[in-house]
Amino acid sequence: MSTHINAPDGAIAPNVLLPGDPLRAKFIAEQFLDGATCYNEVRGMLGFTGTYKGVPVSVQGTGMGQPSLSIYATELFRFYGVQTAIRVGTCGAVSERTQLRDTIIVNAACSDSALLTQRFGSLHFAPAASFDLVRAADGIASGMGIRYAVGSVASSDLFYDKNENWKKWAAYGVLGIEMESAELFTLAAEYGRRALAIMTVSDHILLGGATTAEERQTTFTAMMRLALDTIVAAS
């Protein structure tokens with residue numbers, strides 16, 4: 001049992017989806033998992049375990065931002081033996097390659113976070129997803145017939161960016177801005193685990209347009225199904 005996840009040994013599956021919103025975790029568990037039970041309610045950060053197509057899967061809310069994600073991912077890897085973690089979240093698009101509600105399979109994440117600086121100092125680490133998960137997700141998404149792209153995002157600590165730093169990321173081909181993936185990829189590298197992030201474009205910073213809070217919580221089901229099918233394919 002860890003500090004922020006009140007789950008007994010064996011309650012969490014080796015495969016975990018990581019939405020930022022705990023209510024999205026509840027939605028995924030109720031809509032997609034068979035026999036889902038809640039294993040965590042500490043600080044309202046809900047966690048559930050069930051099965052999807054016969055494969056044990058957990059879904060754990062992580063909160064917003066890399067420091068919050070870092071707490072939950074670290075405890076899942078260190079104390080509960082999680083082997084595969086897929087973030088399912090939203091991003092603001094900064095590329096004309098994407099449209100509102102498109103899916104992004106993230107293969108790498110830039111970051112402005114001090115978490116990387118604290119670890120590496122003047123060195124530069126390149127947080128990247130696990131290739132086998134990227135490859136599996138790409139093949140599944142192609143078969144689903146959804147609009148999607150594979151590429152990088154930027155994990156920023158600054159949500160309200162008055163300096164418009166996103167323009168610098170966009171100039172180098174970054175598809176979207178979000179707040180968690182770089183830390184997840186870094187922790188997976190540290191612990192020798194697999195990680196991926198799958199995003200839905202919830203707003204388009206470059207072209208304009210946005211979705212509602214309710215839509216972000218309950219309607220981005222293509223991303224959820226893609227993540228779950230990727231776990232099954234890669235198990």
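**Figure 1. Thr186 and its surroundings in helix α6.** The backbone oxygen of Ala182 sits 2.7 Å from a polar side-chain atom of Thr186. This close-up, like the others here, comes from a predicted model. Thr186 belongs to helix α6 and is buried, with a relative accessible area of 3%. Which residues does Thr186 contact once its neighbours within four places in sequence are left aside? They are Leu116, Arg119, Phe120, Phe125 and Pro127. A general point helps when looking along a helix: with 3.6 residues a turn, residues three or four places apart point the same way.

**Figure 2. The aromatic pair of Phe77 and Tyr191.** Three aromatic pairs occur in the structure, and this view shows one of them. The ring centres of Phe77 and Tyr191 are 6.0 Å apart and the ring planes stand at 40°, so the pair counts as tilted. Distant parts of the chain are linked here, since Phe77 lies in helix α2 (residues 66–80) and Tyr191 in helix α6 (residues 181–191), 114 residues apart. Phe77 is buried, its relative accessible area being 2%.

**Figure 3. The aromatic pair of Phe159 and Tyr160.** In this pair the ring centres are 4.8 Å apart and the planes meet at 80°, so the arrangement is edge-to-face. Are the two residues buried or exposed? Both Phe159 and Tyr160 are exposed.

**Figure 4. Asp157 and its contacts.** Take a look at the loop between β7 (148–155) and α5 (166–171), where Asp157 is placed. Asp157 is partly exposed, with a relative accessible area of 38%. The side chains of Asp157 and Ser113 are joined by a polar contact of 3.2 Å. Beyond neighbours within four places in sequence, Asp157 is in contact with Gln66, Asp112, Ser113, Ala114 and Met179. For a sense of scale, the C-alpha atoms of Asp157 and Val16 are 24 Å apart in space, with their positions 141 residues apart in sequence.

**Figure 5. The largest pocket and its lining.** The volume of the largest pocket is about 760 Å³. The pocket is lined by 30 residues, and those closest to its centre are Met64, Thr90, Phe159, Met179 and Ser202. Two or more lining residues come from each of α1 (22–32), β5 (84–93), α5, β8 (176–178), β9 (194–204) and α7 (213–218). Which element gives the largest share of the lining? That is β5, with five residues.

**Figure 6. Helix α1, from its start to its buried residues.** At the start of α1, a side-chain oxygen of Asp21 comes to within 2.9 Å of the backbone nitrogen of Leu23. The buried residues of this helix are Pro22, Arg24, Ala25, Phe27, Ile28, Ala29 and Phe32.

**Figure 7. The largest nonpolar core.** This core has 64 residues, and the ones with the most contacts inside it are Ile12, Leu17, Leu184 and Leu196. Helix α8 (residues 221–234) supplies the largest share of the core, seven residues. Another core, of five residues, lies apart from it and includes Val94, Ala154, Trp166 and Ile177. Back in the largest core, Ile12 is worth a closer look. Not counting residues up to four places away in sequence, Ile12 touches Ile5, Ala7, Tyr39, Thr49, Ser58, Leu76, Tyr80 and Val82.

Notes
Residues are numbered from 1 along each chain as its sequence is written. This is a predicted model: local features need pLDDT of at least 70, side-chain atom pairs count only at pLDDT 80 or more; totals for chains, interfaces and linings use all residues. Side-chain values use heavy atoms; hydrogens and water are left out. A nonpolar core is a set of buried Ala, Val, Leu, Ile, Met, Phe, Trp, Tyr and Cys residues joined through side-chain atoms within 4.5 Å. Buried means under 20% relative accessible area, exposed over 50%, partly exposed in between (1.4 Å probe, protein chains only). Helices (H or I, at least four residues) and strands (E, at least two) are DSSP runs, numbered from the N terminus. Contact means heavy atoms within 4.5 Å. Rings of Phe, Tyr and Trp (its six-membered ring) pair if their centres lie within 6.5 Å; planes under 30 degrees apart count as stacked, over 60 as edge-to-face and the rest as tilted. A polar contact is a pair of N or O atoms within 3.5 Å; within protein, one must be able to donate a hydrogen and the other to accept it, and residues adjacent in sequence count only if both atoms are side-chain atoms. On a 1 Å grid over the protein atoms alone, a cavity is a set of points where a 1.4 Å probe fits but cannot get out, and a pocket is an open set with protein on both sides within 12 Å along at least five of seven lines; lining residues have an atom within 4 Å of a point. Grid points are joined across faces, edges and corners, and a volume is the space filled by probe spheres set on the points.
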